Amino acid sequence: MKRFIHLAFFSLSISLLFGCETVITTKLDSGPTLLSVDGWLTDQPGPQTIRLTQTTNYFNNGPAPIASGAAVTVTDNTGKSYAFTDPDNDGYYVWTPTAKDTLGRIGRTYKLDIKYGADAYTAQTKMNRVPTIDSLIFRKKKRNPFSKTEGYEAEFYGLDPAGAPDYYRMKYYRNGELQNKTNDLVSVQDASIFTNSGNTDGLQFIRPLRRAANPDSLYALNDVVKVELLSITADTYLFLQELRQQLNNVGLFARPATNVPTNIIGATGKTATGYFVVSAIRSRTATVTAENLRPDE
Amino acid sequence: MKPFFRYGLLFLASLCTAFAQDKVTVSGYIKDAANAEGLIGVSAYVKETGTGAVTNNYGFYAVTLPKGTYTLVVSYVGYKKQTRTIDLTADARLDLEMTQEGRELQEVVVSTKREDDNVKNIEMSVNKIDIKTLQRIPALLGEVDVIRSIQLLPGVSTVGEGATGFNVRGGSIDQNLVLLDEAPVYNSSHLFGFFSVFNPDAVKDVKLIKGGIPAMYGGRISSILDVRMKEGNAKKPEVTGGIGVIFSRLAYERPLFKGKGSFIVAGRRSYADVLAQPLLKGDLKGSKFYFYDLTAKVNYHINDKNTVFLSGYLGRDVFGADFGFNWGNETASLRWNHVFNNKLFLNTTGYYSKYDYSLNTDLKQKTPNDYFRTDSRIIDYSLKPDFTLFLGKSTVTFGGQSIVHDFQPGTATAASAGDVRVFGLSHKYGVENALYVGNEQQVTTRLQLQYGLRYSLYSYVGSGEAYTFDQTTPVGLRRAVTSTTQYSSGQAIQTYGNLEPRLAAKYELSPSSSLKLSYNRLAQYIHLISNTTASTPLDVWTLSTNNVKPQIADQVAGGYFLNFGPTATEYEFSVESYYKKLQNQIDYIDGAQLVLNRYLEGDLLTGKGRAYGAEFYLKKNRGVVNGWVSYTLAKTERQVEGINGGNWYPSRFDRRHSLTVVALIDPKSSVAGQPGRWNFSATFTLASGTPATFPSGKFEYQGFADGYFQGRNNYRIPVYDRLDVAATLKGKQRVGKRKEDNWVFSIYNVYARKNPFSVYFRPDPDHPLVTQAVRYSVFATLIPSVTYNFKF
């Protein structure tokens, strides 16, 4: 009985704090259809892709309507031009390098030009520097303080280069598969993942970031884990922060829903959504095995 | 400041003698005979002349009359009427004590004030709730709550249940001046907004002023919530307390200095953590989650001319395991009541108010090389003399206030792998001064006027940095700093002055009906920085600066007031309508960074607001079933360049319709002359859904789907409705025993409606391309509770 009372009080305080969510249907008016640009290019070898789609009704959970038949070109500040083509009309516009050539070079600026129907769009960005990931280790941990199930928690170490603010996005893969839930969208300013939380320039990545490359279930023995750091620009960082905020904008303390920024500029007065980014990538891969395990702190 | 008062006093003293030649004044304190608490708002009425006075916040009254013999009728709802014959040949002091009427009648009192107050008082847009009514209203988890209860009044709304604060006539939550014994309370909530910080055992009187705000008040532009603490029983020691689901409460009060003073000390603490402690193991061991408050007050009646009061409040919310977070308020106020003579009364208040929070990621210091700590606090110091001059047909109030604001917006220390960085923001200082004079005048027997003028002068002062921002940046984007100027200590960076006229008029159409009109302008120099639906304890206040202009509100209101029933006091009815214009309302750019941002001002937008509406209020004062019905029709909008294309949009707390019904049921006892042991109460709330921003489309990016939006607050969430009930069982009263006790059983949200707090659109967290609409309810079920209260 006493235990029951304890539990009742405990669950009451928890439910008070978290409330109740119900998925509902509601009527929504559709706005105009806009071009959406998902263009994230890298300095890695192999083909580079820009995906063009169209905005659609919020409750349309089928595949996004593709935008085919566009002319897509990327030019860098040295005047070198890269043509992206979509021969199979699936909205994926691809540039395939010849030999060992790669598209991205740190320090160069890039301009994207899209001609789609009667409209033209441009975007500009820059490829910034990125530090290496020095190590990737694992610790045996409970999934969360309430759980009895254990797993392996990854922690990676790296040093933010001193001077000039740096911005990154962190991505991670479990056994080759990108982990991409809404909580996995992590953007970094210097060594920190909190906007304007002060000067963390030149520091070891802060602990919440070092431990951000973990799925809810943590890892199992022999999982292969890859962590990537992608350099981004300051405006891309703000865009990703806003996007993450909006994807998780729930509960008592939600903010007014608003459009995330875009760097796609309509030359003919039309607006677009999406972002054009060119990143340098550094990564580290490790397997959850005895030699990569460290004692729990 | 000082010379002003000296000359002012001289002037007033000469004024008094001029008036006093053929007239005499009777004055004094009116107190409760049971505990010697000063009674606020008691009517002292002179039968022969039809004139009279009402006691002020300290129970002091004064009536000026030509020499002669008069009948003075002193009345107060719930107290025995007193009639005194007075033979006035010279100024006289008459202190009175009033006895409460029989228990049975007292239980049905809805509010303590004179019976015809609704019609006769010049105040409009004012609601008072006494503590007995508060205790009767069904409460969430049985915890009697001042802030939740005032949300049942016309013109008061909230963005949603569980949200901190309240919205008055279209104003945001930071536009309410919440006073506890005249000291402002910056965060009136425990547990993010579920409970308010006022301990019902220590509260005597609650008054909400929504319009026609007298000149003595200033500093916030929407409303004044004036909470007065009990003085403590000056006749006999008393212990009150209770055990509820959330809090345990205990209060002790007793006489001091041989009946010349008294004190009360009251404390509350939540105790869920104590009960849960045995269940917390491993990492959770030693987890803290509790909140408490402590209220204390002492007064000393030095002599007939001088009384001093010292009151204090201390409250804190503490949460933490490895990660710790705590916040709280502290206030202290010292007041001195001085009676110069029969006509001139002075209350001087000095107060201190503090709000602070701190956050630490490594509370147990397990990881000394990696942590983040931050804290923030605001402190106010103030001195406030308020004079009241009773001149027979008019009552003059005048005085001033000086406030020094010392804000520390945030300090922070971060450590990563042993490297420690200290950063944060420097202190910001502001000085607010105000002078005011007001007059309440009986022009004819039917027409009464109250007019006044307040001049507020604010300076943003050093030491500190002032910034200028790039004005060429398109509105809606972050403005970059273009220059920084250093200011030394006390040096004015920016000064704003505002004349704030106040006006109110009452015209009695008949003894039981009146028309009232009011206009007021108010200015506000400190602002709560919050862009979330419900304000969080982490929200910081900011001062007006060279970039942040003071908020200004102009409000006109008019109303019709009627009392009716067999003796014209059984029912009160009022209808009021208002129009309010707001200037320099703060909003935020998309992606605004509100904490630890040195250049916060570059992320702020300013705009205008307007609010208008009509409030209907019908109250039944007596009977087996009594209570009130209130209906509000309202609209509140904002226009901010950079938001919603610069067009007007409804503010987040705009509710077109709100209806509340409060029913108090006091069944007659089977034994004649004995009060019934059971009584019941119910409240019903029905309100339009608040506005929300719904998407007009979506797009995909990097495997995530996000909404595309056109406009702000373009849809409404579903209607809100809720029924709460409570029943009180009084313990058997034993002959000769002082002990009283009762059990309160209540059910919140009786029909378990999943009332929407908000509707939001988001991808499924596990499938980020699948988008959905989610209705979020804070309390999705019925919540029963039992509370035991005692007093001896």
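Select strand S2 (residues 43-46) and strand S5 (residues 68-75) of chain B in this predicted model. The two strands are antiparallel, and four bridges hold the pairing. To see one of these pairs, pick Ala44(B); its bridge partner in S5(B) is Val74(B).

Now add the other strands around them. S2 and S5 of chain B belong to an open sheet of four strands, in the order S3-S2-S5-S6, with antiparallel pairing. Strand S3 (52-54) and strand S6 (82-88) of chain B are at the edges; each has a single partner strand, so one side of each has no neighbour in the sheet. Ignoring direction, neighbouring strands of this sheet are turned by 20° against each other on average. As background, strands of a sheet pair through backbone hydrogen bonds, in a parallel or an antiparallel way.

Next, stay in chain B and select strand S29 (residues 447-461) with strand S32 (residues 492-510). They run antiparallel and share 15 bridges. Arg454(B) has Glu500(B) in S32(B) as its bridge partner. Then add strand S33 (residues 513-524) of chain B, which pairs with S32(B) over eight bridges, again in the antiparallel sense. How many residues lie in the hairpin that joins S32(B) to S33(B)? The connection consists of two residues. Along this pair, Glu508(B) is opposite Ser514(B) in S33(B).

Go on to strand S37 (residues 571-588) and strand S38 (residues 604-620) of chain B. These antiparallel strands are joined by 16 bridges. Click Lys580(B), and then its bridge partner in S38(B), Ala611(B). Keep Ala611(B) selected, since the next strand can be found from there. Ala611(B) also stands opposite Thr636(B) in S39(B). Strand S39 (residues 625-640) of chain B runs antiparallel to S38(B), with 14 bridges between them. The hairpin of S38(B) and S39(B) has four residues between the strands, and Gly623(B) there takes a positive phi near 110°.

Within strand S39 of chain B, select Thr632(B). Is Thr632(B) buried or exposed? Thr632(B) is buried, because 23 other C-beta atoms lie within 10 Å, and 20 or more are enough to count as buried. Leaving out residues up to four places away in sequence, Thr632(B) touches Pro154(B), Gly155(B), Gly613(B), Glu615(B) and Ser658(B). For a distance to check in the viewer, choose the C-alpha atoms of Thr632(B) and Gly193(B): they are 23 Å apart, while the residues are 439 positions apart along the chain.

Now show both chains and look at where they meet. Chain A gives 70 residues to the contact and chain B gives 71 residues. On the side of chain A that touches chain B, helix H1 (2-18), strand S1 (20-24), strand S2 (35-42), helix H3 (234-247) and strand S16 (272-279) of chain A each supply at least two residues. Coloured by class, that side of chain A shows 30 nonpolar, 32 polar and eight charged residues.

For a pairing between the chains, select S1(A) together with strand S50 (residues 767-777) of chain B. Five bridges join these antiparallel strands. Val23(A) has Val774(B) as its bridge partner in S50(B).

Finish by colouring chain A by pLDDT. Its mean pLDDT is 89, and 92% of its residues reach 70 or more. Residues 1-11 of chain A have pLDDT below 50, and this stretch has 10 contacts in the model beyond near neighbours in sequence.

How values were computed:
Residues are numbered from 1 along each chain as its sequence is written. Chains are lettered from A and ligands numbered from 1 in the order in which they are written. This is a predicted model: local features need pLDDT of at least 70, side-chain atom pairs count only at pLDDT 80 or more; totals for chains, interfaces and linings use all residues. Two residues are in contact if their C-beta atoms, placed from the backbone, lie within 7 Å. Ala, Val, Leu, Ile, Met, Phe, Trp, Tyr, Cys and Pro count as nonpolar, Asp, Glu, Lys and Arg as charged, and the others, Gly among them, as polar. Two strands pair if DSSP finds at least two bridges between them. pLDDT is the predictor's confidence in each residue, from 0 to 100. A residue is buried if 20 or more other C-beta atoms lie within 10 Å of its own, exposed if 12 or fewer, and partly exposed in between; C-beta atoms are placed from the backbone. Axes are lines fitted to C-alpha atoms, for helices over the stretch in contact, and angles run from 0 to 180 degrees between N-to-C directions.
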